[in-house]
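Here is a short briefing on one chain. Please look over the sequence and the model, then read the points below.

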Amino acid sequence: MFGRDLDDAERWVADWSASISERAERAQRLAARVAGLTGSAEAAGGLVEARVDSSGGLVALHLDDRLTGWPAARLERGS
């Protein structure tokens, strides 16, 4: 009486479990790819360049030597 229903239920649970495992693996791969992303931006006509990681943390900052002597307020504005 319960044989076929039980077999179907076990198959459904096995398929569901495999599907969840596959989704978890894909999510982990995506998280690893996102963690490796960086972004960069230039300002002041390329005299300033900043690069950040996926969480927004500063990875690199380049200040061109032509910025020497610029007042701090001008550096803040980027122009």
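**Briefing**

Glu 22 is partly exposed, with 45% relative accessible area. The model is predicted. The chain has two helices and three strands. Their order along the sequence is α-β-β-β-α.

**Overall shape**

- The radius of gyration of the chain is 27 Å, whereas a compact globule of 79 residues would have one near 12 Å.
- The C-alpha trace spans about 90 × 15 × 15 Å along its principal axes.
- Of the 79 residues in the chain, 9% are buried.

**Salt bridges**

- The structure holds three salt bridges.
- Side chains of opposite charge can pair when their charged atoms come close.
- Glu 22 meets Arg 26 in one of these salt bridges, at 3.3 Å from N to O.
- Both Glu 22 and Arg 26 belong to helix α1, where they lie four residues apart, about one turn of the helix.
- Arg 26 is partly exposed, like its partner: its relative accessible area is 42%, and that of Glu 22 is 45%.
- Asp 8 and Arg 11 form a salt bridge through their side chains, at 2.7 Å from N to O.
- Asp 8 and Arg 11 are three residues apart in helix α1, so about one helical turn separates them.
- Asp 8 counts as partly exposed at 29% relative accessibility.
- Arg 11 is also partly exposed, at 48%.
- Arg 66 forms a salt bridge with Asp 64, and the closest N and O atoms are 2.9 Å apart.
- Arg 66 counts as exposed, because its relative accessibility is 57% and the cut-off for exposed is over 50%.

**Aromatic rings**

- A search of the whole structure finds one aromatic pair.
- That pair is Trp 12 with Trp 16, and it is stacked: the centres are 6.3 Å apart and the planes differ by 10°.
- The angle counts as stacked because planes under 30 degrees apart are classed that way.
- Trp 12 and Trp 16 are four residues apart in helix α1 (residues 3–35), so they are separated by about one helical turn.
- Is Trp 12 buried or exposed? Trp 12 counts as exposed, at 56% relative accessibility.
- Trp 16 is partly exposed, with a relative accessible area of 48%.
- Elsewhere, the charged end of Arg 74 sits over the ring of Trp 70, 3.8 Å from the ring centre.

**Sheet**

- Three strands make an open sheet, in the order β1-β2-β3, with antiparallel pairing.
- Strands β1 (38–43) and β3 (58–63) are at the edges; each has a single partner strand, so one side of each lacks a neighbour in the sheet.
- On average, neighbouring strands of this sheet are turned by 10° against each other, direction ignored.
- Strands of a sheet pair through backbone hydrogen bonds, either parallel or antiparallel.
- How many bridges join strand β2 to β3? Five bridges join β2 (residues 48–53) to β3, and these strands run antiparallel.
- Arg 51 has Ala 60 in β3 as its bridge partner.

**In brief**

- Helix α1 holds the stacked pair of Trp 12 and Trp 16, the salt-bridged residues Asp 8 and Arg 11, and the salt-bridged residues Glu 22 and Arg 26.
- The three strands form an open antiparallel sheet.

Notes. Residues numbered from 1 in each chain as written. Predicted model: local features only at pLDDT ≥ 70, side-chain atom pairs only at ≥ 80, totals over all residues. Heavy atoms only, no water. Phe/Tyr/Trp six-rings, centres within 6.5 Å; stacked < 30°, edge-to-face > 60°. Buried < 20%, exposed > 50% of the residue type's maximum accessible area, 1.4 Å probe, protein only. Lys NZ or Arg CZ within 6 Å of the ring centre and 35° of its normal. Salt bridge = Lys/Arg side-chain N within 4 Å of Asp/Glu carboxyl O. Pairing = 2+ DSSP bridges. Axes fitted to C-alpha atoms, helices over the stretch in contact; angles between N-to-C directions. Rg over C-alpha atoms; globule rule 2.2 N^0.38 Å.
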